[in-house]
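Q: Please take a close look at one part of this model, the sheet, and describe it together with whatever surrounds it. A single connected account is enough.

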Amino acid sequence: MRVRLITGVFAATIAVTACGSGGSSAPGSPAAAQTTAPQRGNSRLITRQEIESVPLETIYDVIERLRPNMLRSRGSPIMVYLNTTLLGEVSTLRGIQASSVRQVEFVSASDATTRFGTGVPGGAIVITSR
């Protein structure tokens with residue numbers, strides 16, 4: 001009996017919430033554009049659109065603003081790759097102009113080891129150039 005009561009209250013809450021949303025707008029319609037908040041992307045990826053949204057010169061500054069956790073060491077140094085070329089540690093990001101970057105991806109330590117071999121126990125930041 002108690003389970004039915006809780007289930008009924010839950011169902012009623014969902015129904016009221018759905019009715020109060022005012023219906024749905026088709027994606028791309030003016031109503032949807034006005035009510036939809038800008039989406040922040042994946043926590044492990046920074047896209048060209050996001051890079052262009054912040055007026056910063058170096059990709060280090062862009063990452064620091066948009067995804068500061070990418071720069072946080074997990075005990076071992078994070079390595080930086082430009083396309084498939086190893087550049088070095090995080091400090092090398094200060095020498096890369098944001099305007100030359102298409103995307104930035106953080107790769108976990110286990111995925112980085114699979115992709116780049118041993119020597120990336122802290123993970124990797126992979127910069128894809130334009």
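A: Axes here are lines fitted to C-alpha atoms, for helices over the stretch in contact, and angles run from 0 to 180 degrees between N-to-C directions. Contact means heavy atoms within 4.5 Å. Helices (H or I, at least four residues) and strands (E, at least two) are DSSP runs, numbered from the N terminus. The model is predicted: local features need pLDDT of at least 70, side-chain atom pairs count only at pLDDT 80 or more, and totals for chains, interfaces and linings use all residues. Residues are numbered from 1 along each chain as its sequence is written, and side-chain values use heavy atoms, with hydrogens and water left out.

Five helices and five strands make up the secondary structure, and along the sequence they follow the pattern α-α-β-α-α-β-β-β-α-β. The five strands form an open sheet in the order β1-β4-β5-β2-β3, with mixed pairing (two strands pair if DSSP finds at least two bridges between them). At its edges are β1 (45-46) and β3 (85-89), each of which pairs on one side only.

At the β3 edge, β2 (residues 79-82) and β3 run antiparallel and are joined by four bridges. Within this pairing, Tyr81 has Leu86 of β3 as its bridge partner. The loop between β2 and β3 contains Asn83. Most residues other than glycine have a negative phi. Asn83 is not a glycine, yet its phi is positive, at about 60 degrees. Its relative accessible area of 34% makes Asn83 partly exposed (buried means under 20%, exposed over 50%, partly exposed in between, with a 1.4 Å probe and protein chains only).

Two helices lie across the strands. Helix α4 (residues 59-66) crosses β1, β4 (101-107) and β5 (124-129), at about 55 degrees to β4. Helix α5 (residues 109-116) crosses β2, β4 and β5, and its angle to β4 is about 115 degrees. Both helices therefore lie across β4 and β5.

A side-chain link also joins α5 to the sheet. Glu105 and Arg115 form a salt bridge, with their closest N and O atoms 3.4 Å apart (a side-chain nitrogen of Lys or Arg within 4 Å of a carboxyl oxygen of Asp or Glu). Because Glu105 belongs to β4 and Arg115 to α5, the pair ties together parts that are 10 residues apart in sequence. Glu105 is partly exposed at 24% relative accessible area, and Arg115 is partly exposed as well, at 45%.

In soluble globular proteins, nonpolar side chains tend to be buried together. The largest nonpolar core here has 21 residues (such a core is a set of buried Ala, Val, Leu, Ile, Met, Phe, Trp, Tyr and Cys residues joined through side-chain atoms within 4.5 Å). Ile51, Ile59, Ile63, Leu93, Val104, Ile125 and Ile127 have the most contacts inside this core. Two or more residues come from each of α4, β4 and β5, and α4 gives the largest share, five residues. Leaving out residues up to four places away in sequence, Ile51 touches Ile46, Ile59, Val62, Ala98, Val101, Arg102, Gln103 and Val104. There is also a second, separate core of seven residues, with Met79, Tyr81, Val107 and Ala124 among them. Tyr81, the residue whose bridge partner is Leu86, thus belongs to this second core.

Helix α3 (residues 48-53) takes part in further charged pairs. Arg48 and Glu52 meet in a salt bridge at 3.1 Å, N to O; they are four residues apart in α3, so about one helical turn separates them. Arg48 is buried at 17% relative accessible area, whereas Glu52 is exposed at 52%. Glu50 meets Arg67 in another salt bridge, at 2.8 Å, N to O. This pair links distant parts of the chain, with Glu50 in α3 and Arg67 in the loop between α4 and β2, 17 residues apart. Both partners are buried, Arg67 at 3% and Glu50 at 12%. The structure holds three salt bridges in total.

For the protein as a whole, 30% of the 130 residues count as buried. Among contacts between residues at least 6 apart in sequence, 60% join residues at least 24 apart. The accessible surface comes to about 8,600 Å², 56% of it belonging to carbon and sulfur atoms (areas come from the Shrake-Rupley method with a 1.4 Å probe; for residues, only the protein chains shown count as cover).
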